[in-house]
Amino acid sequence: MKSPIRVAVTGAAGQIGYSLLFRIASGAMFGPDQPVILQLLEAPIEKAMKALEGVSMELDDCAFPLLKGMVLTDDANVGFKDANWCLLVGAKPRGPGMERADLLKDNGKIFTTQGKIIDAVAADNARVAVVGNPANTNCMIAASHAKRLPADRFTAMVRLDQNRAQTQLAKKAGVDLTTVQNIFIYGNHSPTMFPSFAHATINGKPATSVITDSAWLQGPFCEIVGKRGAAIIAARGASSAASAANALVDHVRSLVTPGAIHSVAVKSNGNYGFDANIWAGMPVKTTTPGSYEVITSYTMDDFAKSKIAATNKELVDERSFVTELLG
Ligand code: NAD
Ligand code: LMR
């Protein structure tokens, strides 16, 4: 049996937390032979801590063989202590009529504090995955406060968008979704994100030769994927939770699986025309567990370049909006 890894989860008593923790404890995120200790961090609010206690009781009641311990806390110094993975979910969700960027004022400062504390107390091999919105810019804020942990340890989640895009292409083509591959998300987790259909394949053929309606690909497809979060809020009255938790399981599982190719928002080094020092979605290949390299070989046509320029501009604007929160 491997020794347990420590997985810190913020916002553990929230909606996403309720779908996520049971998947981690069951082995879906780190594998069926990897024990875990869950370090569950909540806001210092009585109601949240009480709810967290209830969630931990349910985790106990599942008798998961891989769950080797739980820490329940409202103190980030305790929650992130020696953590190998820090899953930053805890933040306000948006309501109807809001954009994710509208959350920056409230949520951004959470990531200033947490970035500093993770850098001070987490394990030397710590990896950080940000879900709380706006995820890309919150990730940039947290990473900017890290002096010990390198910036490439900080990733933000665009996997939900990749999963959404894969399903939409499969539905349009009338094929099983497992036949849709190489659909990657570029840029921001916002309506400007670009699902790069030109490189996608369906049953090994270019998706554009199977779905020949290029007006649909350039228009409704990008729009459906980009605005799916808002559509779910409109239908459900609350933001996506189970699918977001599932996407985080996929995000981390792919990051610990050498050879996996998947979309992750990572620090830009200027690839694909993104400004350096913003966190933008792009395709990566996992090298060793927790590490990755950006796949830089895809060529972009004029349409793709214009979409990337728009989502890049939004990320640069978000960065200017939060300069006082950066380390
Ligand atoms: P929620 O309101 O149900 O839960 C959030 C939890 O975070 C609450 O329990 C709250 O007490 C806690 N919290 C707040 N501040 C905290 C802090 N400083 N430390 C620890 N915990 C804290 O919200 P949710 O539906 O679980 O969504 C969480 C976040 O994830 C939101 O910002 C939402 O917009 C975002 N989200 C992102 C994606 C994505 O694809 N990136 C998808 C869905 C949701
Ligand atoms: C999503 O994409 O479903 C989440 O980011 C929640 C939201 O605000 O859209």
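Author: A word on classes before we start: Ala, Val, Leu, Ile, Met, Phe, Trp, Tyr, Cys and Pro count as nonpolar, Asp, Glu, Lys and Arg as charged, and the others, Gly among them, as polar. Please keep in mind that this is a predicted model.

Reader: Thanks! By class, how many nonpolar, polar and charged residues does the shell around ligand 2 have?

Author: Happy to start there. The residues around ligand 2 include Leu160 and Ile233, as well as Arg94, Arg100 and Arg164. Asn133, His189, Gly229, Ser239 and Ser240 are also among them. Sorted by class, that shell has two nonpolar, five polar and three charged residues.

Reader: Which side chain has an N or O atom 2.5 Å from an oxygen atom of ligand 2?

Author: Let's go through the arginines. A polar side-chain atom of arginine 100 is 2.8 Å from an oxygen atom of ligand 2, and for arginine 164 the distance is 2.7 Å. With the protein around it, ligand 2 has 95% of its 260 Å² buried. The 2.5 Å distance belongs to the side chain of arginine 94.

Reader: Where does ligand 2 lie with respect to the domains, and why?

Author: Ligand 2 takes up space in the largest pocket. Helix H6 (159-173) and helix H9 (228-236) each give two or more residues to its shell. Because residues of that shell come from both domain 1 (5-156) and domain 2 (159-323), ligand 2 lies between them.

Reader: Now to ligand 1: which residues come nearest?

Author: There are 26 residues around ligand 1. By class they divide into 13 nonpolar, eleven polar and two charged. Those that come nearest are Gln15, Glu42, Lys92, Val131 and Asn133.

Reader: How far is a polar side-chain atom of glutamate 42 from an oxygen atom of ligand 1?

Author: A few polar contacts help to set the scene. The side chain of asparagine 133 places a polar atom 2.8 Å from an oxygen atom of ligand 1, while a polar backbone atom of alanine 43 is 3.4 Å from a nitrogen atom of the ligand. For glutamate 42, the distance from its polar side-chain atom to a ligand oxygen is 2.6 Å.

Reader: Which element gives the most to the shell around ligand 1?

Author: The space that ligand 1 takes is the largest pocket. Two elements, helix H1 (15-26) and helix H4 (104-121), give two or more residues to the shell. With three residues, the one that gives the most is H4.

Reader: And which domains each give at least three residues to the shell around ligand 1?

Author: Helix H1 (15-26) and helix H4 (104-121) are the elements with two or more residues in that shell. At the level of domains, at least three residues come from each of domain 1 (5-156) and domain 2 (159-323).

Definitions and conventions: Residues numbered from 1 in each chain as written. Chains lettered and ligands numbered in written order. Predicted model: local features only at pLDDT ≥ 70, side-chain atom pairs only at ≥ 80, totals over all residues. Heavy atoms only, no water. Near = heavy atom within 4 Å. Polar contact = N/O pair within 3.5 Å; in protein donor to acceptor, adjacent residues only side chain to side chain. 1 Å grid on protein atoms, 1.4 Å probe; cavity = no way out; pocket = protein on both sides within 12 Å on 5 of 7 lines; lining within 4 Å. Sits in = over half its atoms within 2 Å of the grid points. Helix = DSSP H or I, 4+ residues; strand = E, 2+ residues; numbered from the N terminus. Domains from an automatic or database assignment. Areas by Shrake-Rupley, 256 points an atom, 1.4 Å probe, with all protein chains shown as cover.
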